[in-house]
Amino acid sequence: MPVDGVAMTAIGVAVIRMRESRRPDRLYLDPVAQSFVDAAREGFSSDRWASLEQVADQFYEGRSVAVRLVDDRVRDAVGAGITQIVVLGAGLDTRAYRMELPAEVTVFEVDLPELFAFKEPVLARQAIEPTCHRHVIAADLRGDWSTALCESGFEPETPTLWVDEGALAFIPPAARHDAVAVLSELSAPGSRFGVSQYSVDATSAPYTGLRNLMGSGDSEDAPRQSDAGQSDADVRAQLNRLGWDTEFESWNDAVARLDRTVPAADPSVGHIAAVRRGTVSFDAAR
C-alpha cells in the first residue's frame, strides 16, 4: 500500500470521499471508499494515520466539492456522446463503478504501478463490477504512458474526455508540458480536457502537512506556490497552440450550482475547460 510519496495522496482523497459519502446531504456516494481506507490504515502507525486524517480535514471542503464538479463534467461529456474517458493519475478513483456510466463507455485509468498493486486487490474483494469497460494503465506520467494506453485499446480517432484532478500539478513542469502535448496528439476533434487554475500558499498548514506526509520535504513531489500560477498560464497557452479552444470558469461560479458553498477569495481560482477543435502541426506547437 502507498504510505509515502505522491501515490499516498490517493489515500487522503479516499478518506475525504468516505466522509462525504456518510453525509445526509452528500454531493456523491462512493461505497468503496471505506474499504480503501480500512485497507490502507493497516500500513500506518497510529500517529501517522492521525496526521493523514488531520491533513484530509484541512482539504476536505474544497476537495470534496471538486470531486463533485469533476463528476458533473463526466456526466456532461457522456451526455454529449463521448464514450472514451482517460483519468490521468487516477489514484483510487471509482467512477467506473459508482457513476452508473453506460456500458458503451470505456474508462482508462492511468497511474503508478504501486498504486494499482494496492487498489486492484481491494476492488476484487468487494466483488463488484464496473458498469462500463475499464482498463488499468500502470505507467508514470513522467515517462511513456501513451504506448501502454494505446495497447490497451485506446482509440485516438474517438473523441475523448481527459480527466486531471491535480495529478499534473505533482510532476515537474517539463513532464507536464510533454504530457499535455501527448494527450493533444491523441485527441480527436471534439475531445475535452480540463485543468484547474489554483493558488497555493506553500507555507500554509495544509501544504506543509501534505509535504511532511509524503516524506518529500521541499522536493518536486508536492505542488509549490512558485510553480502553481506559472504552470496554469503555461498549460492554457500550450493548449491554445495545440488546437484547443479554452474557457475559464471561476471556482465561485462553479460551486454556486451546488448546495455546498466553499468560496475562494481569489477570483483567478477556477477551471480551464478545453475542447479540441482540429489538427495542427504538433512539432511546431511544442
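How much space lies in the second largest pocket? We will get there on this tour, and the answer is about 420 Å³.

**Before you click**

You have a predicted model on screen, in which local features need pLDDT of at least 70 and side-chain atom pairs count only at pLDDT 80 or more, while totals for chains, interfaces and linings use all residues. Residues are numbered from 1 along each chain as its sequence is written, and side-chain values use heavy atoms, with hydrogens and water left out.

**Stop 1: the whole chain**

Colour by secondary structure and you should find 11 helices and 7 strands. Helices here are DSSP runs of H or I with at least four residues, strands are runs of E with at least two, and both are numbered from the N terminus. Of the 286 residues, 52% count as buried; buried means under 20% relative accessible area, exposed over 50%, and partly exposed in between, with a 1.4 Å probe and protein chains only. Contact means heavy atoms within 4.5 Å. Among contacts between residues at least 6 apart in sequence, 76% join residues at least 24 apart.

**Stop 2: α1 and α2**

Select α1 (9-22). Its end C-alpha atoms are 21 Å apart, which agrees with the 20 Å that its 14 residues should span at 1.5 Å a residue; the expected span is 1.5 Å times one less than the number of residues. Because 11 of the 14 residues of α1 are buried, the helix is largely enclosed by the rest of the structure. Those buried residues include Ile11, Val15, Arg17 and Glu20, and the buried set packs against α2, α3 and α5.

Now add α2 (33-41). Its buried residues are Ala33, Ser35, Phe36, Val37, Ala39 and Ala40, and what covers them includes α1, α3 and α5.

**Stop 3: the largest nonpolar core**

A nonpolar core is a set of buried Ala, Val, Leu, Ile, Met, Phe, Trp, Tyr and Cys residues joined through side-chain atoms within 4.5 Å. Show Val74, Ile85, Leu101 and Trp251 as sticks: of the 53 residues in the largest core, these touch the most other members. Elements that give two or more residues to this core include α1, α2, α3, β1 and α10 (251-255), and α3 gives the most, with 12 residues. Apart from this core lies another, of 28 residues, among them Val110, Leu141, Leu149 and Ala167.

Centre on Leu101 next. Not counting residues up to four places away in sequence, Leu101 touches Val74, Val78, Ile85, Arg95, Ala96, Val107, Thr131 and Cys132.

**Stop 4: the largest cavity**

On a 1 Å grid over the protein atoms alone, a cavity is a set of points where a 1.4 Å probe fits but cannot get out; a pocket is an open set with protein on both sides within 12 Å along at least five of seven lines, and lining residues have an atom within 4 Å of a point. Grid points are joined across faces, edges and corners, and a volume is the space filled by probe spheres set on the points.

There are 2 cavities of 30 Å³ or more, and the largest has a volume of about 50 Å³. To see its lining, select Val74, Ile85, Val87, Arg95, Ala96, Leu101, Val107 and Val163. This lining divides into 7 nonpolar, no polar and 1 charged. Here Ala, Val, Leu, Ile, Met, Phe, Trp, Tyr, Cys and Pro count as nonpolar, Asp, Glu, Lys and Arg as charged, and the others, Gly among them, as polar.

**Stop 5: the second largest pocket**

Select Arg73, Asp76, Arg192, His271 and Ala273, which lie nearest the centre of this pocket among its 22 lining residues. Elements giving two or more residues to the lining are α3 (46-79), β4 (160-164), β5 (192-197), β6 (244-250) and β7 (270-276). The lining divides into 11 nonpolar, 3 polar and 8 charged.

**Stop 6: three loop residues**

Glu100 sits in the loop between α4 and β2 (106-111) and has a positive phi of about 55° although it is not a glycine. Ala127, in the loop between α5 and β3 (133-138), has a positive phi near 55°.

Is Val262, in the loop between α10 and β7, buried or exposed? At 15% relative accessibility, Val262 counts as buried. Val262 touches Glu61, Gly62, Val65, Trp251, Asn252 and Val255, not counting residues up to four places away in sequence.
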